[in-house]
Amino acid sequence: MKKLKAGIIGSGNIGTDLMMKVESSQFLEMSAMIGIDPNSDGLRHAKKRGHSIFDNGIDGFLEESNLADILFDATSAKAHYYHAQSLEKIQKQVIDLTPAAIGPFVVPTVNLEEHVTKSNINMITCGGQATIPIVHAINSVCQVDYAEIVATIASESAGPGTRANIDEFTYTTAQGIEKVGGAKKGKAIIILNPADPPIIMRDTVQCIAPGANERQDELIEAIQKRVRQVQNYVPGYTLRTNPIFDGDQITVFIEVKGAADYLPSYAGNLDIMTASAVKVGEELAKHQLSFSENL
């Protein structure tokens with residue numbers, strides 16, 4: 001089966017986990033790891049596994065841009081602005097795992113099909129990837145007037161980037177709940193739990209949807225169907241209990257256990273981002289391959 005070559009910008013934990021997931025893809029071929037620290041674990045692993053590596057950042061890759069057809073950016077919002085401009089000039093699609101939000105917000109089970117031709121796709125946040133599918137599923141049955149999500153993650157899985165961008169997390173996730181999930185009003189909260197041993201990612205979704213009490217069976221079916229769809233690319237994504245109804249209020253409890261490809265299994269918040277990004281990359285690859293075959 002023909003594959004498209006994938007490059008990863010950012011040789012930290014997320015970039016390294018992405019690399020291992022891309023290596024298992026049916027539609028993507030891991031080809032290049034791009035970083036700025038020649039001693040980083042990610043570049044060391046990439047070199048050992050036979051991939052091309054660049055330790056002088058995106059500028060080094062641009063000199064050999066034929067090495068990747070699709071790129072994942074796992075750096076920072078500030079860096080992504082420069083990366084996005086550089087890659088747009090050479091017509092490379094990029095999947096953005098940073099808070100930059102230059103391109104449209106995308107959740108694979110909700111709106112991926114309408115954005116496969118976009119040059120820049122934003123993966124929102126870990127909380128967004130975990131909860132927006134549920135909000136959207138509820139909204140498909142009853143209009144969601146208000147949706148509030150609480151993402152609880154292990155403190156150990158929150159690196160400097162996550163901690164520095166907590167304000168962006170809450171704002172971006174809330175925007176995603178509205179723009180992608182369909183809620184009239186969205187709110188997001190993140191909790192860093194310092195428990196030892198570290199806890200698995202857990203998310204609570206509370207929605208106010210008029211008429212929900214009368215349509216419980218439809219809503220449960222829609223939520224369970226959406227969970228199964230997410231499990232196709234995030235196997236550790238599960239319902240902790242059946243949805244709880246209190247009048248027009250619906251409460252859904254989600255747990256996300258990581259696949260432990262590179263990151264620990266408790267880091268479901270990072271795993272759902274990398275797994276969702278690879279799912280998007282595969283759909284972009286399938287679209288590009290289909291388009292080239294029809295020329």
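## Helix contacts and salt bridges in a predicted model

User: Which helices have axes that come within 9 Å, and at what angle do they cross?

Analyst: Helix α6 (residues 126-139) and helix α9 (residues 216-231) have axes that come within 9 Å and cross at roughly 145 degrees. Please keep in mind that this is a predicted model. The crossing of α6 past α9 is right-handed.

User: Which residues of α6 and α9 meet?

Analyst: On the α6 side they are Pro 133, Ile 134, His 136, Ala 137 and Ile 138, and on the α9 side Leu 219, Ala 222, Ile 223, Arg 226, Val 227 and Val 230. By class, this contact has nine nonpolar residues, one polar and one charged.

User: What makes the pair Asp 261 and Lys 21 a salt bridge?

Analyst: A side-chain nitrogen of Lys or Arg has to lie within 4 Å of a carboxyl oxygen of Asp or Glu. For Asp 261 and Lys 21 the N to O value is 2.7 Å, so the pair meets that cut-off. Asp 261 sits in the loop between β12 (249-256) and α10 (268-294), while Lys 21 belongs to helix α1 (residues 13-23), so their pairing ties together parts that are 240 residues apart in sequence.

User: Why is Lys 21 called buried?

Analyst: Buried means under 20% relative accessible area, and Lys 21 has 11%, so the word fits. Its partner Asp 261 has 34%; that value lies between 20% and 50%, so Asp 261 is partly exposed.

User: How do you know that Asp 41 and Arg 44 form a salt bridge?

Analyst: Their N to O value is 2.3 Å, and the cut-off is 4 Å, so the pair counts. Asp 41 and Arg 44 are three residues apart in helix α2 (residues 41-48), so about one helical turn separates them. Asp 41, at 28% relative accessible area, is partly exposed, and Arg 44, at 48%, is partly exposed too.

User: Where do Glu 283 and Lys 279 lie, and what makes them a salt bridge?

Analyst: Both are in helix α10, four residues apart, about one turn of the helix. The N to O value is 3.4 Å, which is within 4 Å, so this pair also qualifies. Lys 279 is partly exposed, with 24% relative accessible area.

User: How many salt bridges does the structure hold, and which residues do shared partners join into one network?

Analyst: The structure holds 10 salt bridges. Asp 17, Lys 21, Asp 261 and Asp 271 are joined into one network by salt bridges that share partners.

How values were computed:
Residues numbered from 1 in each chain as written. Predicted model: local features only at pLDDT ≥ 70, side-chain atom pairs only at ≥ 80, totals over all residues. Heavy atoms only, no water. Axes fitted to C-alpha atoms, helices over the stretch in contact; angles between N-to-C directions. Helix = DSSP H or I, 4+ residues; strand = E, 2+ residues; numbered from the N terminus. Left-handed = near helix turned anticlockwise from the far one by under 90°. Contact = heavy atoms within 4.5 Å. Nonpolar A, V, L, I, M, F, W, Y, C, P; charged D, E, K, R; others polar. Buried < 20%, exposed > 50% of the residue type's maximum accessible area, 1.4 Å probe, protein only.
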